[in-house]
Amino acid sequence: MPTVTEPGRRAAQYVRMSREHQNYSLEFQSAHNAAFAAEHSYALVKTYEDAGVSGLRLKGRHGLKQLLADVLGGSPGFNVVLVYDVSRWGRFQDIDQGGHYEFICREAGVQILYTAEPFRNDGSLGSTIVKHVKRAMAAEFSRELASKTSTAQRGLSYKGFWVNGPPGYGLRRVAVDPDRRPRFHMESGEHKALRGTRTILVAGPEEEVRTVRRIYSLFLVHGLRLGPIAALLNREGITAEAGHKWTRFRVREVLRNEKYAGALQRNKTKGALGSRHRVPRSQWVRVPKAVEPIVDAATFAAVQAQFRQCKSRNPTDAELLDDLRIVLRDHGRISHSLIDRHPQTHCAAVISRRFGGLVNAMALVDAEPTRSQLAASLKAREVRPCRFRDHPVPLAPAEALEALRGHLEQNGSVSTFSIDEDSALPGSNWYRRTFGSMSRVYELIGYEPPPAQRLRLDLARNRRTAGAELQASRRP
């Protein structure tokens, strides 16, 4: 046991207990540390604790973080920290990490004493070697336990048992014996406490089951996309799992997870101890008939086929106009909402940006805009106040281009700054909004930008393209 040569020193203690293993309760560690302090004339003045926290990493260990912060802050009020054993200090997979935190304390004049270890933590060669071995053993214990747990869970999941925590919206967990005879239902946050019992998934409350089936119908039959489905459910006051609001990601989880069709997909990730990585879909393991299905297999397959109909992330003008013709053919008219709801078209915002407004695009496919669409188009073309002048001059698109050609002849060049400074012209934002981009404006007036200006235009176009691709990647 460690020995103390200077009595009457003030000490703090650090205690930790993980969620998985309750071999060392906080009370047991505190009692052992108190006995050690009394035996060696220490006065325990402060306790730092991490209850139910893994020792694999510093993340989430607020007690240890506060201890290190107090030590580094200077004058912590103690010069010794009592810890039950090396594993309570941490089971860091890199054993140098635990040594680093101990070194920080030692440099600040605070010594770490392990009260249940047989070695003196005095910096001697023997103490150093044993302590490093103990740290390696603590890390290896976690690795071995993680491997055994992962193997056991994988074997259970391949048999159709549920080992993954919350069941998801519309499903519930039921504890069963090894022969799948039901024992009891488990509510959110409850765990099975009986040895030998397993967990399966069953259909949940009827209202949640109806909502799941309705989501599939809205997506597959009515053509709604993820965002509109979530907005519709929220407007009707229907909450998602645990009372949360619906989002496009929660809707996507319902539509993409095969457990709603009765099958579990296992082996999606590999690794342990915080280093997991995703496995290619071709290597996933499918466990059929493991869950009571909510939707039939044909409906689920049709939804997945709909997701696989990927749209081009950089469509041509012809492709976008074909999208408008499809909407016109199916509905007899064109609108933003009809475009966004159609499963075979790009979103309306892409079309509007490409052609300087939906009305301009509709004219190219001989579609007649409604009065409200014409009014909205005229309102969008109204000149808004520009920060470079007080009285902007409203112009029709053709007149604005002619005025800009005159500006080019007079100045020899055109830029957004020169446009905004010219009181006879609408602002550059108006030109960009009306014609889609400044590159398009320059093309219409026959202006060839110099290399530096062309580079800026290309960079701006690349940013818009990247934004459009990001938006498209988040859509089904």
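## A buried arginine

Arginine 91 sits in the loop between α3 (86-89) and α4 (95-107). Keep in mind that this is a predicted model.

What's curious about arginine 91 is its setting: the residue is buried, yet it has no salt bridge. Look around for a side chain of opposite charge and the nearest one is aspartate 85, 6.5 Å away. A salt bridge here would need a side-chain nitrogen of the arginine within 4 Å of a carboxyl oxygen.

So who does arginine 91 touch? Leaving aside residues up to four places away in sequence, its contacts are Arg16, Gly55, Leu56, Ala138, Ala139, Phe141 and Ser142.

## Where α7 meets α8

Now for a pair of helices. Helix α7 covers residues 226-235 and helix α8 covers residues 248-256; they pack at an angle of about 105°, and their axes lie 8 Å apart. That angle makes α7 roughly perpendicular to α8, because anything from 65 to 115 degrees falls in that class.

Which residues do the touching? On the α7 side they are Leu226, Gly227, Ile229 and Ala230, and these meet Arg248, Val251, Arg252 and Leu255 of α8. Sorted by character, the residues of this contact come out as five nonpolar, one polar and two charged.

## The whole chain

Stepping back, the protein has 19 helices and eleven strands. It runs to 476 residues, and 41% of them count as buried.

How do the contacts spread along the sequence? Taking those between residues at least 6 apart in sequence, 63% join residues at least 24 apart.

Notes
Residues are numbered from 1 along each chain as its sequence is written. This is a predicted model: local features need pLDDT of at least 70, side-chain atom pairs count only at pLDDT 80 or more; totals for chains, interfaces and linings use all residues. Side-chain values use heavy atoms; hydrogens and water are left out. Axes are lines fitted to C-alpha atoms, for helices over the stretch in contact, and angles run from 0 to 180 degrees between N-to-C directions. Helices (H or I, at least four residues) and strands (E, at least two) are DSSP runs, numbered from the N terminus. Angles under 35 degrees count as roughly parallel, over 145 as roughly antiparallel, 65 to 115 as roughly perpendicular and the rest as oblique. Contact means heavy atoms within 4.5 Å. Ala, Val, Leu, Ile, Met, Phe, Trp, Tyr, Cys and Pro count as nonpolar, Asp, Glu, Lys and Arg as charged, and the others, Gly among them, as polar. Buried means under 20% relative accessible area, exposed over 50%, partly exposed in between (1.4 Å probe, protein chains only). Lys and Arg count as positive and Asp and Glu as negative; His and the chain ends are not counted.
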